[in-house]
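Welcome, and please take a moment with the sequence and the model before reading on. The report below moves between single residues and the chain as a whole.

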Amino acid sequence: MGRFAVSTMFFHEYPCDHIFDYVAESGLDSLEFWVETPHFWLRDRPEDELAGCIAGHPELAPITVHAPSLDLNPCSINPRVAGISVDYAVEAVQMAERMGAAVVTIHPGKRTAKRHPSAYDYRRFEDYIARLREVAEGTRVKVAIENLEPRVNALLSTAEDAAEVLEREPWLWFTLDMGHAMMTSCDETIRFIDLCIERMVNVHVSAIGGNGRPHHPIHDDPEALRVLAELADRGYGGYLTLELEDMVFPGALSSEEKVVLLSKESEALREAFS
């Protein structure tokens, strides 16, 4: 059975110590600490406080980490944007290692223009991967690349794309964002499992809502539960990280309501993997 977690961005409006408390209260096993969690990011990333939260909640350790991605693009046509994006990813790997994290998830980047990626974009991607390869060699944390939404300019959004990168980079791991994959189809999501499960160490868990967008709850969604059953049947034992968007609900959720919802989601995960 894998470890059941949630992204800290679900509690984005709360201080980090409160977030750790809420996750523990929900019955989940761990959390994915998004470096851009506002209380951490906007205060210049106080690692001593994060380390204190982890030490105060040993039942949630080891955590996973999500590298910064908002407003960033390591394959940007703007070299300064690309450069700072790569630097932030490298720093996230180093921070994850210092925090004793098990996995750090990175985004692959995209072409700036809404067109199919060009040779230039793939050169940027190779430079990015080379930097990550270099920093990963001296760490214990697993660096895992995530599939993006199926958009024309995405560099990694199909199962074949992911499998090709993983074959080329034997040190690299994989985070399946099932919501992103399910925007194409449930069958495409299972194709990711077929091709990448041996390198899969984290799954971002969510369902597709009526608006066709991911990051909805999974506990009463047949297609999401089908994907989880496929993972369970194949013996997946990595992290299963609920990546939920609190803006999809009719009104603002209190912390108590968020904890209750996560308890339902946790129960659905445990049933799928029982």
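## A buried leucine in helix α9

Leu231 has a relative accessibility of 0%, so it counts as buried. Keep in mind as you look around that this is a predicted model. Leu231 sits in helix α9, which covers residues 222–233.

What does Leu231 touch once its neighbours within four places in sequence are left aside? The contacts are Ile193, Met200, Val203, Tyr236, Leu240 and Phe273. Val65 is not in that list of contacts; the C-alpha atoms of Leu231 and Val65 are 22 Å apart in space, with their positions 166 residues apart in sequence.

## The chain as a whole

Let us step back to the overall picture. The chain holds 10 helices and 8 strands. A compact globule of 274 residues would have a radius of gyration near 19 Å, and the 18 Å of this chain agrees with that. Along the principal axes, the C-alpha trace spans about 50 × 45 × 35 Å. Of the 274 residues, 54% are buried. If you take the contacts between residues at least 6 apart in sequence, 80% of them join residues at least 24 apart.

The accessible surface comes to about 11,900 Å², and carbon and sulfur atoms account for 51% of it. As for charge, there are 25 positive and 46 negative side chains, and the centres of these two sets lie 7 Å apart.

## What the record adds

An unreviewed UniProt entry lists residues 20–250 as "domain: Xylose isomerase-like TIM barrel". In the model, the chain over residues 20–250 is 42% helix and 13% strand. The C-alpha atoms at the two ends of that stretch are 25 Å apart.

## Backbone features worth a look

Most residues other than glycine have a negative phi, and most peptide bonds are trans. Against that background, three places deserve a closer view. The peptide bond from Ala61 to Pro62 is cis, with omega near -5 degrees. Pro62 belongs to the loop that runs between α3 (47–56) and β3 (64–66).

Arg45 is not a glycine, yet its phi is positive, at about 55 degrees. You will find Arg45 in the loop between α2 (38–41) and α3, and at 25% relative accessibility it counts as partly exposed. Asp71, also not a glycine, has a positive phi of about 65 degrees. Its loop lies between β3 and α4 (79–98). Is Asp71 buried or exposed? With a relative accessibility of 81%, Asp71 counts as exposed.

## A loop residue with many named contacts

Asn147 is in the loop between β5 (142–146) and α6 (159–168). Its relative accessible area is 0%, so Asn147 is buried. Which residues does Asn147 contact, leaving aside its neighbours within four places in sequence? The list reads Leu156, Phe174, Thr175, Leu176, Asp177, His180, Ala181 and Phe192.

Gly179 does not appear among those contacts of Asn147. The C-alpha atoms of Asn147 and Gly179 are separated by 9.9 Å, and the two residues are 32 apart along the chain.

## Two more helix residues

Glu25 lies in helix α1, residues 16–26. At 58% relative accessibility, Glu25 counts as exposed, since the cut-off for that class is over 50%. Where Glu25 and Ser263 are concerned, 238 residues separate them along the chain, while their C-alpha atoms are separated by 8.6 Å.

Ala136 belongs to helix α5, which covers residues 119–136. Why does Ala136 count as buried? Its relative accessible area is 15%, and buried means under 20%. Not counting residues up to four places away in sequence, Ala136 touches Val143 and Trp171. Between Ala136 and His107 the distance is 15 Å from C-alpha to C-alpha, with the pair 29 residues apart in sequence.

How values were computed. Residues are numbered from 1 along each chain as its sequence is written. This is a predicted model: local features need pLDDT of at least 70, side-chain atom pairs count only at pLDDT 80 or more; totals for chains, interfaces and linings use all residues. Side-chain values use heavy atoms; hydrogens and water are left out. UniProt positions are given in the numbering used here, feature names are shortened, and annotations may be inferred rather than shown by experiment. Helices (H or I, at least four residues) and strands (E, at least two) are DSSP runs, numbered from the N terminus. The radius of gyration is taken over C-alpha atoms; the globule rule is 2.2 Å times the number of residues to the power 0.38. Buried means under 20% relative accessible area, exposed over 50%, partly exposed in between (1.4 Å probe, protein chains only). Contact means heavy atoms within 4.5 Å. Accessible areas come from the Shrake-Rupley method with a 1.4 Å probe; for residues, only the protein chains shown count as cover. Lys and Arg count as positive and Asp and Glu as negative; His and the chain ends are not counted. The place of a charge is taken as NZ of Lys, CZ of Arg, CG of Asp or CD of Glu.
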